[in-house]
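The following exercises ask you to read backbone geometry, burial and pairing from a model, and each task is followed by a solution in steps.

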Amino acid sequence: MKLLLLTVTALLLLSQLTPGGTQKCWNLLGKCRHTCFKKERIYVYCTNSKPCCVKPKYHPKQHPWLF
């Protein structure tokens, strides 16, 4: 019984520590997170309602239209 409890505990801990927990977004240049780092900005939102945090150098350039 103790071995079963230890195994279940170990599996639960390993499931929480798996790498790659963030989803990629914005042409694989951003990551879906609850909060962005200092040098990142929100440009779009992911399918899971988290903001897509993208570095400003990867944002598209805003060009005014000339008429």
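**Exercise 1.** Decide whether S49 counts as buried or exposed, and describe its place and its backbone angle.

*Solution.* S49 has a relative accessibility of 62% and therefore counts as exposed, given that buried means under 20% relative accessible area, exposed over 50% and partly exposed in between, with a 1.4 Å probe and protein chains only. As for its place, S49 lies in the loop between β3 and β4, where helices (H or I, at least four residues) and strands (E, at least two) are DSSP runs numbered from the N terminus. The phi of S49 is near 70°, a positive value in a residue other than glycine. Most residues other than glycine have a negative phi.

The model is predicted, so that local features need pLDDT of at least 70 and side-chain atom pairs count only at pLDDT 80 or more, while totals for chains, interfaces and linings use all residues. Residues are numbered from 1 along each chain as its sequence is written, and side-chain values use heavy atoms, with hydrogens and water left out.

**Exercise 2.** State how many bridges join β3 and β4, and in which sense the two strands pair.

*Solution.* Strands pair if DSSP finds at least two bridges between them; β3 (residues 41–45) and β4 (residues 51–54) have four, in the antiparallel sense. One position can be followed across, since I42 has C53 as its bridge partner in β4. The two strands form a hairpin with five residues between them, and S49 is in that turn.

**Exercise 3.** Find which other residue has a positive phi, and characterise its setting.

*Solution.* L28, which is not glycine, has a positive phi near 65°. L28 is found in the loop between β1 (24–25) and β2 (30–32), and because its relative accessibility is 64%, L28 counts as exposed.

**Exercise 4.** Work out whether R33 is buried or exposed, and list what it touches.

*Solution.* R33 is found in the loop between β2 and β3, and with 14% relative accessibility it counts as buried. Setting aside neighbours within four places in sequence, R33 is in contact (heavy atoms within 4.5 Å) with T22, E40, K50, P51 and C53. With E40 there is also a side-chain to side-chain polar contact at 2.6 Å, a polar contact being a pair of N or O atoms within 3.5 Å, of which, within protein, one must be able to donate a hydrogen and the other to accept it, and residues adjacent in sequence count only if both atoms are side-chain atoms.
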